[in-house]
Amino acid sequence: MYIEHDKRILSKAISVTAVVNAVMTAGSVAVRFLLKDTSSVLPDMLDDAFWAYQGIFSVFQIAVTAFIFWCAWRQLEHYRKMIPMDDYSELAKLQEEVMPEEISNLSTYSIRQLLEVWAFILIGVRIVYDIFTITYRRFVAGLSSQVDITNINELQTFSAIYNGSHSFKYIGMLIALVLGILITGVFLNDKYLKIAAICLTALFIIAATFVQIQTYTIFNHEIAIVWSSVIFHLLQTVGLYGVGIYLKKFYRGI
């Protein structure tokens, strides 16, 4: 069976999640800026106060995202339960014949599958991402403990290792997001979503392998820009929001 063309479930869940991600990212940047120790040459993630706030933001982000997708799931199941399951196929054929322009582009079953895919990515993979972020912090802390930061050569070696390994923290989550876009494109047979997934992957590879971390001075604060990190955070905020708006604008009932 199909839902009506003006019902928005998946696109709304993705868009609202993107807004939540944007708010949490902005909060993290603000805290980093306020707590930044200008005298420290070590990465911000080793600052205990910043790390504590980062953990709070992550837990809140996961909890809110889970609530968003739970509401979306309940809404979809409400529509599905309005009709006996045995009548789904017959009703779908009738809807396709009688009002093809007034029904969603995908059946409720396909929408539910996509909802499960995105829920797993934005909740399940996000939890894995946070766990491995903790592991990566331990690695950086252990590495920094072996470095004499007063020795310029050792400090440069540490910076080179950190710069070269930082992108690995984002790979799993970024691949999951790209796969979500690709799978959605496959379901909808949308070439633009498929191309977007390919381009995002190529852009991240270029940023991670050829573009170095760059440092800028803003209001007497030294800010290190990791471009692979920028791409990742833009994807989970602006990119996700764009996917949600795209689905809402070009596909009925998604």
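Okay, so the protein has 8 helices and 2 strands. If you walk along the sequence, the order is α-α-α-α-α-α-α-β-β-α, with the strands sitting just ahead of the final helix. Keep in mind that this is a predicted model.

So how far can we trust it? The average pLDDT for the protein is 83, and 85% of the residues score at least 70. Confidence is highest in helix 6, residues 168–188, with a mean of 92. Strand 1, residues 214–218, is where confidence is lowest, with a mean of 55, so please treat that strand with care.

Now some overall numbers. The chain has 254 residues, and 41% of them are buried. About 14100 Å² is exposed, and 66% of that comes from carbon and sulfur atoms. For contacts with a separation of 6 or more, 78% are between residues 24 or more positions apart.

Let me zoom in on one residue, Ser15. It's in helix 1, which covers residues 10–35. Is Ser15 buried or exposed? Its relative accessibility is 9%, so Ser15 counts as buried, given that the cut-off is under 20%. And what does Ser15 touch, once you skip residues up to four places away in sequence? The answer is Tyr241, Gly244 and Ile245.

On to the aromatics. How many aromatic pairs are there? The count is 7. Take Tyr129 and Phe232: their ring centres are 5.4 Å apart and the planes are at 40°, so this one is a tilted pair. It links distant parts of the chain, with Tyr129 in helix 4 (residues 108–145), Phe232 in helix 8 (residues 227–250), and the two positions 103 residues apart. Tyr129 is buried at 9% relative accessibility, and Phe232 is buried at 0%.

Another pair is Tyr246 with Tyr251, and here the geometry is edge-to-face, at 6.3 Å centre to centre with 65° between the planes. Tyr251 has 14% relative accessibility, so that residue counts as buried.

Going back to Tyr129 and Phe232, those two belong to one aromatic cluster together with Tyr170.

Last topic, the cysteines. How many disulfides do we get? The count is 0. Cys71 comes out partly exposed at 31% relative accessibility, and Cys199 is also partly exposed, at 47%.

That's my tour.

Key
Residues are numbered from 1 along each chain as its sequence is written. This is a predicted model: local features need pLDDT of at least 70, side-chain atom pairs count only at pLDDT 80 or more; totals for chains, interfaces and linings use all residues. Side-chain values use heavy atoms; hydrogens and water are left out. Helices (H or I, at least four residues) and strands (E, at least two) are DSSP runs, numbered from the N terminus. Buried means under 20% relative accessible area, exposed over 50%, partly exposed in between (1.4 Å probe, protein chains only). Contact means heavy atoms within 4.5 Å. Accessible areas come from the Shrake-Rupley method with a 1.4 Å probe; for residues, only the protein chains shown count as cover. pLDDT is the predictor's confidence in each residue, from 0 to 100. A disulfide is a pair of cysteine sulfur atoms within 2.5 Å. Rings of Phe, Tyr and Trp (its six-membered ring) pair if their centres lie within 6.5 Å; planes under 30 degrees apart count as stacked, over 60 as edge-to-face and the rest as tilted.
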